[in-house]
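Reader: I would like to go through the aromatic rings of this model and the reasons behind the labels they carry.

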Amino acid sequence: MAIVITVLSLLICSVAGYAFVIYSDKSKNILFMALIVSMMVPFAAKIIPMFRMFSNLGLLNSFSAIILPAIGTPFLVFFFKQNTHAFPVETIQAARVDGLGEYGIFFRIYMPMMKSTYAAAGIFAFMASWNNYMWPLIALQSNDKFTLPLAVSNLAAGFTPDYGMVMVGIIISTIPTILVFFLLQKAFVEGMVGSVK
C-alpha cells in the first residue's frame with residue numbers, strides 16, 4: 001500500500017503543482033488559497049466526515065479507504081508548485097514550438113528534470129503512508145488487512161505483552177523507511193533546496 005500511495009501521490013501532486021505554475025486561469029489563485037487553508041485543518045477534524053463518506057461509499061475495511069485520502073496531499077501539491085517555479089519555462093515553450101504535446105512535455109521533459117524534487121517528495125509520501133496509524137485504525141476492521149503499525153500496536157495490547165516481540169516488530173517496521181531515506185538521501189537534499197538539473 002505504501003508503494004501504491006507513493007507512486008499515485010507523486011503523479012497526482014506533481015501534475016497539480018505543474019498546472020498551478022505553468023497554466024494561467026482566473027480561478028487558480030482561489031483554488032490555491034483553498035488548498036493552503038485545507039493544510040491548516042487538523043486531521044482530527046476530518047476523521048468523522050471521512051468515516052461517514054467512506055461508509056456511504058461502502059469502502060470501509062478496504063485498501064481503497066486508505067489509499068484514496070492519501071494520494072492528493074495538499075502539502076505535496078504545495079511542494080511541487082514551489083519547486084516548479086524554478087523550472088525553466090523557456091524549455092516548455094521550445095518544446096511546444098517543436099510540436100511536442102502537453103503530455104509529452106510533462107512526462108519527457110518535466111519529470112526527468114525534476115527528479116530530485118520527485119525523490120524528496122517520494123520520501124515524504126512513503127514515510128507518511130508507511131507510518132500512518134490513526135486512519136487505518138479507524139477504517140480497517142479485519143486483522144488480515146491491518147497495516148504494519150497496527151500489527152505492532154496489537155503486539156503490545158495484551159495483558160502480558162511480549163516486549164521482545166514488540167521491539168522486533170518496531171525494528172522490522174523501521175527498516176524500510178531507513179532504507180528509502182538513505183537510498184534517496186542525496187536527491188532529497190537537492191530536492192529540498194529546489195535544484196533543477
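Reader: Why does Trp-130 count as partly exposed?

Author: This is a predicted model, and in it Trp-130 has a relative accessibility of 21%. Buried means under 20% and exposed over 50%, so Trp-130 falls in between and counts as partly exposed.

Reader: What makes Phe-126 buried?

Author: The relative accessible area of Phe-126 is 10%. The cut-off is under 20%, so Phe-126 is buried.

Reader: What makes the edge-to-face label fit Phe-79 and Phe-124?

Author: By the pair rule the count is 16 aromatic pairs. In one of them, Phe-79 and Phe-124 have 6.1 Å from centre to centre and 75 degrees between the planes. Centres must lie within 6.5 Å, and planes over 60 degrees apart count as edge-to-face, so both conditions hold for Phe-79 and Phe-124.

Reader: How do you know that this pair links distant parts of the chain?

Author: Phe-79 is in helix H5 and Phe-124 in helix H8, 45 residues apart.

Reader: Why is Phe-79 called buried or exposed, and what is Phe-124?

Author: Phe-79 is at 8% relative accessibility, so it counts as buried. Phe-124 is at 31%, so it counts as partly exposed.

Reader: Why is the pair of Phe-126 and Trp-130 called stacked?

Author: Their ring centres are 5.6 Å apart and their planes are at 20 degrees. Stacked requires planes under 30 degrees apart, so the pair is stacked. Phe-126 and Trp-130 are four residues apart in helix H8, about one helical turn.

Definitions and conventions: Residues numbered from 1 in each chain as written. Predicted model: local features only at pLDDT ≥ 70, side-chain atom pairs only at ≥ 80, totals over all residues. Heavy atoms only, no water. Phe/Tyr/Trp six-rings, centres within 6.5 Å; stacked < 30°, edge-to-face > 60°. Helix = DSSP H or I, 4+ residues; strand = E, 2+ residues; numbered from the N terminus. Buried < 20%, exposed > 50% of the residue type's maximum accessible area, 1.4 Å probe, protein only.
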